[in-house]
Amino acid sequence: MIYFLDATPIEAGKEVIEAARNGELDQMIDLTVKWGMEAGKSLLLALVIFVVGRYAIKFINRMVARMLERRGVEPTVQSFLKSFVNITLIILLVIMVVGTLGVNTTSLAALLASAGLAVGMALSGNLQNLAGGIILLFLKPFRVGDFIEAQGVSGTVKAIQIFHTILTTLDNKELFVPNGALSSGNITNYTRNDLRRVDFTISVEYGTDTQKVKDVTLALISEDKRILKDPAPFIAVKELANSSVDFVLRVWTTAPEYWNVFFDTNERIYTEFNKQGIGFPFPQLQIHQ
């Protein structure tokens, strides 16, 4: 008579099959009873682990959801992280249940690891974009509605997705920029700050009175309510170029008014300089014989 108090259901089943092959009916019956008892205990324990594990997974999922909401994580990232945590916990629960039933979990874990490595290598680019998207959504270098420049393109941020960030260009094109490259490169956010400086280069003919240029320009600037008095506008001679005297003009305005101030001021300078007799230069070349 063979007893196997510490045997798993699978090992006990092997003993029953071996006894049947040897024609030992009494031993087979005894082993079958023992196997049934062991299998019943293992099944009951596995069922308890499964039920308790399901409740534990729901509890952990609720905790993760509340934590993400308290931290103000973007809804897209919340959905992804909650799904990822839920799937990971379910896989761990399945491994525990299978291990309780006597299945060798070492081989199963090795198989899952190999499959995960293969999938990771095949999707390495997407995984990089996925990580980049999470970094962008947590660190928030820009938000939806910001005008940014990155990776050689510029546009208004329309959406921040898991793998790509969608930009709308000034001519209404949609650009899908990979988050991996976006998170690891330089990003210029033009709308993060409330104020922006507008820079102009004004070129006039040689022989023009520089003080007159300054006075006319500052008078023109003072009439525009969109241009701030503090910081004060700045104008000075920037360069004595080949065919012109170049002035630099710097004024401050609110971020939404940047382009309006830029285009309107250029037009007003051109109109006012013509009225004041301030000439704009053409390329000139002197030839000596």
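This is a short walk through one protein chain, from its overall make-up to its two sheets, one helix and a few backbone details. The model is predicted.

I'll start with the whole chain. There are 289 residues, and buried residues make up 29% of them. The secondary structure comes to eight helices and eight strands. The chain exposes about 18,500 Å², and carbon and sulfur atoms supply 60% of that area. On contacts: take those between residues at least 6 apart in sequence, and 62% of them join residues at least 24 apart.

Now the sheet of five strands. In what order do its strands lie? The order is β4-β3-β2-β1-β5, the sheet is open, and the pairing is antiparallel. At the edges are β4, residues 174–178, and β5, residues 187–189, each of which pairs on one side only. From one strand to the next, the twist averages 40°. As general background, strands of a sheet pair through backbone hydrogen bonds, in either a parallel or an antiparallel way.

Let me go through part of this sheet strand by strand. Between β1, which covers 147–150, and β2 there is a loop, and Gln151 lies in it. Phi of Gln151 is positive, near 55°, and this residue is not a glycine. Gln151 is partly exposed, with a relative accessible area of 43%. The general background here is that most residues other than glycine have a negative phi.

Next come β2, residues 153–160, and β3, residues 164–168, which run antiparallel and are joined by four bridges. The two strands form a hairpin, with three residues between them. Two pairs can be picked out on the screen. Ile160 stands opposite Thr165 of β3, and Thr156 has Thr168 of β3 as its bridge partner.

Thr168 also takes us across to the edge strand: its bridge partner in β4 is Glu174. β3 and β4 run antiparallel too, with five bridges joining them. They form a hairpin with five residues between the strands. The turn holds Asn172, whose phi is positive at about 65°, although Asn172 is not a glycine. Is Asn172 buried or exposed? Asn172 is exposed, with a relative accessible area of 63%; the cut-off for exposed is over 50%.

On to the other sheet. This one is open as well, with three strands in the order β6-β8-β7 and antiparallel pairing. β6 and β7, the latter at 234–240, stand at the edges with a single partner strand each, so one side of each has no neighbour in the sheet. The twist here averages 25° from one strand to the next. Six bridges join β7 to β8. One pair to look for is Glu239 with its bridge partner Asp246, in β8.

Before β7 there is a peptide bond to note. Asp230 and Pro231 are joined by a cis peptide bond, with omega at about 5°. Pro231 sits in the loop between α7 and β7. In general, most peptide bonds are trans.

That leaves helix α8. What lies under this helix, and at what angle does it run to β6? α8 lies across β6 and β8, and it runs at about 25° to β6. The helix has 18 residues, 258–275, which at 1.5 Å a residue should span 26 Å; the end C-alpha atoms are 26 Å apart, so the two agree.

Which residues of α8 are buried? They are Tyr258, Val261, Thr265, Ile269 and Phe273. These cover an arc of only 75° around the axis, which puts them on the same side of α8. The spacing fits the general rule: an α-helix has 3.6 residues a turn, so residues three or four places apart point the same way. The buried residues of α8 pack against β6 at 195–204, α7 at 210–222 and β8 at 245–254. On the face turned away from that buried side, α8 carries the exposed residues Glu267 and Lys275. After the helix comes Gly277, which has a positive phi, near 75°.

To recap: one open sheet has five strands, the other has three, and α8 lies across β6 and β8 of the latter. That is all from me.

Methods. Residues are numbered from 1 along each chain as its sequence is written. This is a predicted model: local features need pLDDT of at least 70, side-chain atom pairs count only at pLDDT 80 or more; totals for chains, interfaces and linings use all residues. Side-chain values use heavy atoms; hydrogens and water are left out. The expected span of a helix is 1.5 Å times one less than its number of residues. Buried means under 20% relative accessible area, exposed over 50%, partly exposed in between (1.4 Å probe, protein chains only). The arc is that of the directions from the helix axis to the C-beta atoms. Contact means heavy atoms within 4.5 Å. Accessible areas come from the Shrake-Rupley method with a 1.4 Å probe; for residues, only the protein chains shown count as cover. Two strands pair if DSSP finds at least two bridges between them. Axes are lines fitted to C-alpha atoms, for helices over the stretch in contact, and angles run from 0 to 180 degrees between N-to-C directions.
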